[in-house]
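Please open the structure in your viewer and keep the selection panel at hand. The stops below go from helix packing to the loops, and then to charged pairs and the surface.

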Amino acid sequence: LYSSPTIILKNPQLPENIGMSARAMLNYGFIDLRIVKPKVRWPNKKSIASSAGALNIINNTTKIYNFFDDALEGIDVLFATSVRNRDLEKFVISPKDAVRKINTKYKNAKIGFLFGPEKAGLKNRDLSEANYIIQIPSNQRFGSLNLAMAVNTECYEFFINRIKKTNNNQDTISKFVDKKKITLFKNYLIEILYEINYFNRENNDSKLETNVRNIFSRTMFTEKELLMLYGVIKGLKNYKNK
């Protein structure tokens, strides 16, 4: 069967939610937990207690990161959960459709499911790194789910809808670069765009910057293609500086 996807919790605020998320993960066979800059210092007793023993089991595979970009290392396809689209041109799908897409297109991929902080959720900058946005169907008048409940929903859908690997019609996903390398490329591109005054720091072009990042998150790149893009950008920069 599949290796289980990675669960990424970005800036979780309540340690109890980390513990309950870990409990939900282990219920459905997930063991790869990555936590980005939690509000409460890690490790902590509240998370461990609310995990009902789950964190004791997956402690060796749980990683803490200070920077979001570092938590994307090794991830081929990133699904971000959000109750809102936040004005980004993204593929928005349900949890069931996300698993269906994994089964049909990304059988060999390392999948990441990204969840934001409890109070405000993921920001546009975070969502711009994702290939897809997952929206969990819920009451339109009160659609904000508890973090651990959202994790539970996605893990459950993956668990009951996963299928056995076969050797037929599988994408050769291993040839594609992971999300961290794509993010490093986008950081390089954004810096060049500031250097050539396409962006203006004084005008605070953060929204335009996020939209540019988003373009490169919607496509899967091979190592060769990424190197070619680096070459193109360096060539254009050198040409402008002549």
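Two helix axes count as roughly parallel when the angle between their N-to-C directions is under 35 degrees. With that cut-off in mind, and remembering that this is a predicted model, select helices α1 and α6, which pack at an angle of about 15° with their axes 8 Å apart. Because that angle falls under the cut-off, α1 and α6 are roughly parallel to each other, and α1 passes α6 in a right-handed crossing.

Next, select helix α7 (residues 179–195) together with helix α8 (residues 206–217), whose axes come within 10 Å and cross at roughly 140°. That angle makes α7 oblique to α8, and here, too, the crossing of α7 past α8 is right-handed.

From the helices, move to strand β1 and select L9, which has its place there. With a relative accessible area of 0%, L9 is buried. Add G116 to the selection and draw a line between the C-alpha atoms: L9 and G116 are 6.2 Å apart in space, although 107 residues separate them in sequence.

Now turn to the backbone of the loops. Select N11 in the loop between β1 (6–10) and α1 (15–27), where phi is near 50°, a positive value in a residue other than glycine. N11 counts as partly exposed, at 24% relative accessibility. Continue to P43, which lies in the loop between β2 (32–36) and α2 (45–50), and display the peptide bond that leads from W42 to P43, which is cis, with omega near -5°. A further stop is A52, found in the loop between α2 and α3 (54–58); phi of A52 is near 55°, again positive in a residue other than glycine, and A52 counts as exposed at 54% relative accessibility.

The charged pairs come next. Side chains of opposite charge can pair when their charged atoms come close. How many salt bridges does the structure hold? It holds 13, and three of them make convenient stops.

- Select D32 and R34, which form a salt bridge with the closest N and O atoms 3.7 Å apart; D32 is buried, and R34 is buried as well.
- Select E73 and K180, a salt bridge in which the closest N and O atoms are 3.8 Å apart. E73 lies in the loop between β3 (63–65) and β4 (77–81) whereas K180 lies in helix α7, so the pair ties together parts that are 107 residues apart in sequence. E73 is partly exposed, with a relative accessible area of 47%.
- Select R125 and E129, where the closest N and O atoms of the salt bridge are 2.6 Å apart. R125 counts as partly exposed at 26% relative accessibility, whereas E129 is buried, with a relative accessible area of 0%.

Keep R125 and E129 selected and add D69, K186, E209 and R213, since these six residues are linked in a network of salt bridges.

For the last stop, switch to a surface display and select Y156, F159 and I160, which make a nonpolar surface patch of about 270 Å². Within this patch, I160 lies in helix α6 (residues 147–161), the helix that packs with α1. Is I160 buried or partly exposed? I160 is partly exposed, with a relative accessible area of 42%.

Technical notes: Residues are numbered from 1 along each chain as its sequence is written. This is a predicted model: local features need pLDDT of at least 70, side-chain atom pairs count only at pLDDT 80 or more; totals for chains, interfaces and linings use all residues. Side-chain values use heavy atoms; hydrogens and water are left out. Patches are made of residues with over 30% relative accessible area and no salt bridge: like charges are joined within 9 Å, nonpolar side chains (Val, Leu, Ile, Met, Phe, Trp, Tyr) within 5 Å. Accessible areas come from the Shrake-Rupley method with a 1.4 Å probe; for residues, only the protein chains shown count as cover. A salt bridge is a side-chain nitrogen of Lys or Arg within 4 Å of a carboxyl oxygen of Asp or Glu. Helices (H or I, at least four residues) and strands (E, at least two) are DSSP runs, numbered from the N terminus. Buried means under 20% relative accessible area, exposed over 50%, partly exposed in between (1.4 Å probe, protein chains only). Axes are lines fitted to C-alpha atoms, for helices over the stretch in contact, and angles run from 0 to 180 degrees between N-to-C directions. Angles under 35 degrees count as roughly parallel, over 145 as roughly antiparallel, 65 to 115 as roughly perpendicular and the rest as oblique. A crossing is left-handed if the near helix is turned anticlockwise from the far one by less than a right angle, and right-handed if clockwise.
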